Amino acid sequence: MIYVDNAATTKMDDVVFAGMLPYIKDYYGNASSQHSFGQLTRKVIAQARHEFALALNANDNEIFFTSCGSESDNWAIKGVAQALRHKGNHIITTSIEHPAILNACKTIEKIGLKVTYLPVDKYGMVSPYDVQASLRPNTILISIMYANNEVGTLQPIKEIGLIAKKNKISFHTDAVQAVGHVNIDVIDLNVDLLSASAHKFNGPKGVGILYIKDGTPIVPLVDGGHQEKGQRAGTENVAGIVGAGIAIKNNLTDIERNTSKLKMLSSRTVTKLCSRLPNIKINGHETKRLPGIINISIPKIEGESMMHILDMKGICISTGSACTSGEMSTSHVLQAMSLNQEDAKSAIRISFGKYNEPEDVDKIVDAICFAYDKLTRNLNI
Ligand code: PLP
């Protein structure tokens with residue numbers, strides 16, 4: 001199998017798995033217990049929290065563990081909206097966010113909040129000028145993703161952070177695709193809240209992270225016990241949190257090597273594909289992008305059919321389309337980037353990870369050309 005769907009999820013590092021094992025089986029104490037067996041797990045959670053604080057240039061007490069990136073996103077939107085309801089009811093986001101943000105916004109719209117969904121340009125980038133222009137006296141939160149999960153475009157987070165700071169508005173960024181893959185400094189970016197998810201950077205599934213800058217008004221999403229300083233109840237997923245801590249440390253230690261490898265794999269793919277299928281279009285920004293994600297429109301074919309043929313050849317990619325009630329709908333991200341229907345329908349996403357090798361590229365390019373041939377000639381496979 002060639003796995004190039006790393007934006008969906010990543011392979012867990014061996015060192016992460018090994019580090020988690022004792023906390024799945026042997027050290028099963030509850031981190032809230034007073035006895036030393038429980039205190040042992042409390043310590044390893046604190047250690048993992050410290051790794052994330054180091055990774056983001058935050059303080060340990062500003063890192064909160066959740067169950068996934070979606071929970072972190074929901075908490076940021078709903079928690080800040082509720083905490084600041086007395087001050088205002090307007091939130092700014094973009095039309096290309098992950099459904100975790102878009103659907104959380106839909107939910108709060110139902111209880112009377114107003115949400116502005118900013119447009120993006122043809123590269124999938126939001127303009128800081130649009131953010132500035134959409135501010136209202138009652139704006140309480142700006143939430144803009146760090147990197148888009150379909151096309152990989154990086155947003156001007158630092159510029160937007162400055163606008164938010166100047167106007168004293170809380171600023172959240174969904175950095176689920178970016179954490180572990182690019183260096184992030186929450187102080188430099190003027191970010192008040194930041195979401196991450198361990199399974200996107202070679203950690204386990206089931207662990208999300210929300211950075212909350214000290215003093216940011218927010219109420220809990222999950223009420224219950226006193227875990228996570230009373231801000232996020234629920235007995236901690238100790239093994240998962242330990243794995244997440246190892247994964248972030250591991251990925252950031254190797255970040256330069258990983259980044260140059262991913263860039264090499266992506267550019268090799270684009271060069272080879274363009275030479276064999278000159279009509280393809282690369283969607284997203286040319287330089288301001290995550291190194292591993294490439295989104296390609298291949299004229300005359302449907303991305304869905306391409307994905308299935310590659311699947312039969314043991315290659316895992318994804319498309320931007322979603323199947324809702326039996327009907328194929330094109331990606332909201334590609335639509336927001338003003339792609340025509342045909343280009344949007346034919347789009348596929350290849351997302352490389354650190355475990356891919358140059359040989360994978362040759363096999364992927366050959367398989368895409370084979371599938372293209374079959375689909376355009378309408379032959380039986
Ligand atoms: N935000 C972005 C940008 C994502 O790409 C994803 C997952 O694909 C999420 C949020 C949700 O993360 P999780 O799968 O951990 O819930």
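Start by selecting the shell around the ligand: by class, this shell holds three nonpolar, seven polar and three charged residues. Here Ala, Val, Leu, Ile, Met, Phe, Trp, Tyr, Cys and Pro count as nonpolar, Asp, Glu, Lys and Arg as charged, and the others, Gly among them, as polar. A word on what you have open: this is a predicted model, where local features need pLDDT of at least 70, side-chain atom pairs count only at pLDDT 80 or more, and totals for chains, interfaces and linings use all residues. Residues are numbered from 1 along each chain as its sequence is written, and side-chain values use heavy atoms, with hydrogens and water left out.

**Stop one: the ligand**

Keep the shell selected. The ligand is surrounded by 13 residues (each with a heavy atom within 4 Å of the ligand), and the closest are Gly69, Ser70, Asp174, Ser197 and Lys200. Next, colour helix α3, residues 69-83, which gives the largest share of the shell, three residues. Helices here are DSSP runs (H or I, at least four residues) and strands are runs of E (at least two), numbered from the N terminus.

Now show the polar contacts (pairs of N or O atoms within 3.5 Å). Pick Ser197 to find a polar side-chain atom 2.6 Å from an oxygen atom of the ligand. Gln177 also has a polar side-chain atom, 2.8 Å from a ligand oxygen. At Gly69, the partner is a polar backbone atom, 2.8 Å from an oxygen of the ligand. Taken alone, the ligand exposes 390 Å², and the protein buries 88% of that (Shrake-Rupley method, 1.4 Å probe).

**Stop two: the largest pocket**

Hide the ligand and look at the space it takes, which is the largest pocket. A molecule sits in a pocket or cavity if more than half of its atoms lie within 2 Å of its grid points. On a 1 Å grid over the protein atoms alone, a pocket is an open set with protein on both sides within 12 Å along at least five of seven lines, while a cavity is a set of points where a 1.4 Å probe fits but cannot get out; lining residues have an atom within 4 Å of a point.

The largest pocket has about 570 Å³ of space. Select His98, Pro99, Asn149, Glu150 and Arg349, which lie nearest its centre among 33 lining residues. Helix α3 gives the most to this lining, with three residues.

**Stop three: the largest cavity**

Finally, select His181, Lys200, Leu262, Phe352 and Gly353, which lie nearest the centre of the largest cavity. Its space is about 230 Å³.

Methods: Polar contact = N/O pair within 3.5 Å; in protein donor to acceptor, adjacent residues only side chain to side chain. Points joined across faces, edges and corners; volume = space filled by probe spheres on them.
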